[in-house]
Amino acid sequence: MKILNALLGAAAAISLFAASANAQGYPERTITMVVPFSAGGPTDTVTRLVAEAMSKDLGQQIIVENVGGAGGTLGAGRVAKAEPDGYTLLLHHIGMATSATLYRKLAYDTLNSFEYVGLVTEVPMTIVARKDFEPSDLKGLIDYAKANKDTVTVANAGIGAASHLCGMMFMSAIDTQLTTVPYKGTGPAMTDLLGGQVDIMCDQTTNTTKQIQGGTIKAYAVTSPARLKIFPDLPTAEEAGLKGFQVGIWHGIYAPKGTPAEITDRLSKSLQKALKDPNVAARFAELGTEPSSEADATPAALKAKLEGEIARWKPVIEAAGQYAD
């Protein structure tokens, strides 16, 4: 038994030494960053901007791979099962937290199947409608929705998508259940809103800014605590009468459980540097958001955010009774 224990101890020591050696030379090849949603969507846009800037700092290319489906859980599941060597990462949004309740059977443990790298950004949401929708302001929209709850339609990009979560929160806030119309992605949902096939939508500024600026959709409010520089005349939901309504779609980077701390720390430092890149800051500003602070682009901050958001959304989802499985 003593010999067996000694052999096991030696094997563990060798494994730790190998992991440490690999971490010291990291990265030595291309990194894959998985986006659990379709190409061209809001989270994909954020990921590609950050991946480009991090690639410059790391000296190796970060390839963005879209693995959509099941509200982001397919992509997250893939990363959870990947080798913990720092060469497969995940950039996910608030759905990382809500999926823990939306999906009662997941192929991974949301809190314990990943290592944390850091927060990337928190994107505000906008409450918008087809351009010829009757209500002229948010109060009018709420009154109209309550009076016509059987006919008003709310588009979203599928269960677990940011637009679904915000729409669900909106219906909870006005205590009125409306007809939801799920799509397979943000693009198709926005296309039908532009075409007048659906009435309203609640989605990220990264997806609605150009349409609002172009006047092709009607905007009622932003869900941030303060007005946005990009839309100074657009009131916050609270200013417009929806007290306490604040929804931000935060994004974070994760690695498979067991990834050496030296690697996650290296990635966190690279993320912090990338978020200070002038091009990233400028492009984020165009999309109505800002890079996370250096203090938030850390493993500890992302872990705390995820834990808090799981607790925040659990009662909302359970009250709505909308599950994905």
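## Close-up views of a predicted model

**Figure 1. The largest pocket holds about 480 Å³ of space.** The model shown here and in the other views is predicted. Lining this pocket are 22 residues; E122, P124, L228, G288 and E290 are the closest to its centre. Three elements each supply at least two residues of the pocket lining: strand 4 (114-130), helix 10 (278-286) and helix 11 (299-320). Strand 4 gives the most, with three residues. By class, the pocket lining divides into 10 nonpolar, six polar and six charged residues.

**Figure 2. One cavity of 30 Å³ or more is present in the structure.** The largest cavity has a volume of about 40 Å³. Its lining consists of I127, V154, G167, F170, I200, M201 and C202. Helix 6 (162-173) and strand 7 (200-204) each supply at least two of these lining residues. Strand 7 gives the most to the cavity lining, with three residues. Six residues of the cavity lining are nonpolar and one is polar. No charged residue lines the largest cavity.

**Figure 3. Strand 1 and strand 2 pair in the parallel sense.** Strand 1 covers residues 31-35, and strand 2 covers residues 62-66. Five bridges join the two strands. T32 stands opposite I63 of strand 2. Between the strands, the chain passes through helix 2 (residues 42-58). This β-α-β crossover from strand 1 to strand 2 is right-handed.

**Figure 4. T264 sits in helix 9.** This helix spans residues 261-274. The relative accessible area of T264 is 6%. Buried means under 20%, so T264 counts as buried. Which residues does T264 contact, leaving aside its neighbours within four places in sequence? They are E115, Y116, V117, A255 and T259.

**Figure 5. The linings of the pocket and the cavity, shown by class.** For the largest pocket, the lining has 10 nonpolar residues, alongside six polar and six charged ones. For the largest cavity, the lining has six nonpolar residues, one polar and no charged ones. E122 and E290 are among the residues closest to the centre of the pocket. I127 and F170 are among the residues lining the cavity.

How values were computed
Residues numbered from 1 in each chain as written. Predicted model: local features only at pLDDT ≥ 70, side-chain atom pairs only at ≥ 80, totals over all residues. Heavy atoms only, no water. Helix = DSSP H or I, 4+ residues; strand = E, 2+ residues; numbered from the N terminus. Buried < 20%, exposed > 50% of the residue type's maximum accessible area, 1.4 Å probe, protein only. Contact = heavy atoms within 4.5 Å. Pairing = 2+ DSSP bridges. Right-handed = clockwise from strand over helix to strand, strands pointing away. 1 Å grid on protein atoms, 1.4 Å probe; cavity = no way out; pocket = protein on both sides within 12 Å on 5 of 7 lines; lining within 4 Å. Points joined across faces, edges and corners; volume = space filled by probe spheres on them. Nonpolar A, V, L, I, M, F, W, Y, C, P; charged D, E, K, R; others polar.
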